[in-house]
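Trainee: I've got a structure open and I'd like to understand where its ligand sits. Can we go through it together?

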Amino acid sequence: RVKSDGRNGSCFFTPEMQARSARLIALGHALKQAQQRGELRLVYQPQLRLSEHRIFGAEALLRWDSPQWGAVSPAEFIPIAESSGLILSIGDWVLRTALRQVRHWLDRGLPDLVVAVNLSAVQFDQPDLPDRISRMLDEAGVPPHCLELELTEAAAMKTPETAAQKIQELHQRGIRLAIDDFGTGYSSLSYLKRFKIHKLKIDQSFVRDIDSDVDDQAIASAIIQMARSLSMGTIAEGVETAEQLAFLRASGCDDIQGYHFSRPLEPDAFEHFVLRDVGES
Ligand code: C2E
Ligand code: MG
Ligand code: MG
Ligand code: MG
């Protein structure tokens with residue numbers, strides 16, 4: 001019961017709020033066991049290089065199939081994992097699994113692939129992150145340029161003093177870095193100049209209405225121009241239609257990812273998709 005300063009008394013948690021917090025607590029408990037019980041898996045969404053019409057990589061996206069709760073969206077369980085600290089062990093599992101998968105694909109003769117892995121602020125803040133990742137790359141036998149870390153502006157900017165140093169270290173080790181959901185955070189653009197960032201990921205909120213909304217068109221074009229002047233690449237996420245793709249291509253966007261080209265795929269389906277793509281070109 002929360003006392004409000006309104007004139008007639010107090011407000012209450014509604015039954016919806018109670019149900020919501022009960023679900024969050026229960027999901028948090030279930031998530032603790034999900035990793036050991038093998039309920040987590042990764043799917044891979046192909047990324048297309050427009051100039052070569054070639055799949056050059058994939059974003060690894062986490063999936064949780066809970067026997068109790070069914071398929072839970074990462075948009076719901078990642079924040080729970082972040083606030084409980086569980087994201088550190090889940091994040092390590094994601095990195096190891098994605099790297100092992102790339103090694104497998106390289107062994108199967110797939111052309112050089114870059115796997116993009118999402119990194120939470122909590123993971124990025126680990127002081128030994130560059131060492132940890134280098135060790136995982138060695139263990140998996142994967143060259144560093146096959147890994148791209150996706151970091152949001154907020155995650156990179158949480159601790160700007162140590163972030164610059166860490167990004168520099170990752171860069172020196174040859175690991176690629178992309179800024180995810182670019183344009184939705186609150187941060188100064190000056191970090192783009194100071195940090196070695198390979199790619200800006202144009203957020204899907206700018207892509208959704210890009211064929212009709214002139215503001216979204218202006219924002220997307222400005223991001224693409226700025227990235228190019230600063231020698232960074234661009235990838236647009238959430239591309240669902242041929243019209244969106246046409247606008248992005250005409251604006252000079254390098255790469256795209258979205259349902260128009262492919263949904264996130266199971267590892268075997270991704271392999272077939274790439275091999276078919278290679279066969280056609
Ligand atoms: P994100 O990194 O921005 O990933 C893009 C999201 O857009 C994914 O949702 C993807 O499935 C979805 N998407 C891709 N193409 C389209 C499209 O054409 N249209 C629409 N409407 N959506 C599209 P998903 O897989 O549900 O992941 C949601 C978020 O959860 C991710 O956003 C990321 O922030 C987080 N996440 C996912 N996996 C991981 C992980 O392994 N670690 C961490 N820390 N976060 C993760
Ligand atoms: Mg991402
Ligand atoms: Mg994104
Ligand atoms: Mg997003």
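Trainee: How much space lies in the largest pocket?

Mentor: Keep in mind that this is a predicted model. To find room in it, we use a simple trick: rolling a probe the size of a water molecule over the atoms shows where empty space is left. For the largest pocket, that space comes to about 990 Å³.

Trainee: Which residues lie nearest the centre of that largest pocket?

Mentor: The lining is made up of 35 residues. By class they divide into 16 nonpolar, ten polar and nine charged. Elements giving two or more residues to this lining include strand S3 (40–49), helix H3 (87–107) and strand S6 (114–118). Nearest the centre you'll find Glu 59, Leu 61, Pro 74, Asn 118 and Asp 180.

Trainee: Where does ligand 1 sit, and how much of its area does the protein bury?

Mentor: Let's start with the place: ligand 1 sits in the largest pocket. Look at its polar contacts next, where a nitrogen atom of ligand 1 is 3.0 Å from an N or O atom in the side chain of Gln 45, and an oxygen atom of the ligand lies 3.1 Å from a polar side-chain atom of Asp 181. Glu 237 joins in too, with a side-chain N or O atom 3.4 Å from an oxygen atom of ligand 1. Taken alone, ligand 1 exposes 790 Å², and the share of that buried by the protein is 82%.

Trainee: Which element gives the largest share of the shell around ligand 1?

Mentor: Three elements give two or more residues to that shell: strand S4 (54–66), helix H2 (74–84) and strand S8 (176–182). The largest share is four residues, and it comes from S4.

Trainee: And which residues come nearest to ligand 1?

Mentor: There are 21 residues around the ligand. Sorted by class, this shell has eight nonpolar, six polar and seven charged residues. The ones that come nearest are Arg 63, Asn 118, Gln 204, Glu 240 and Tyr 259.

Note on methods: Residues numbered from 1 in each chain as written. Chains lettered and ligands numbered in written order. Predicted model: local features only at pLDDT ≥ 70, side-chain atom pairs only at ≥ 80, totals over all residues. Heavy atoms only, no water. Near = heavy atom within 4 Å. Polar contact = N/O pair within 3.5 Å; in protein donor to acceptor, adjacent residues only side chain to side chain. Areas by Shrake-Rupley, 256 points an atom, 1.4 Å probe, with all protein chains shown as cover. 1 Å grid on protein atoms, 1.4 Å probe; cavity = no way out; pocket = protein on both sides within 12 Å on 5 of 7 lines; lining within 4 Å. Sits in = over half its atoms within 2 Å of the grid points. Nonpolar A, V, L, I, M, F, W, Y, C, P; charged D, E, K, R; others polar. Points joined across faces, edges and corners; volume = space filled by probe spheres on them.
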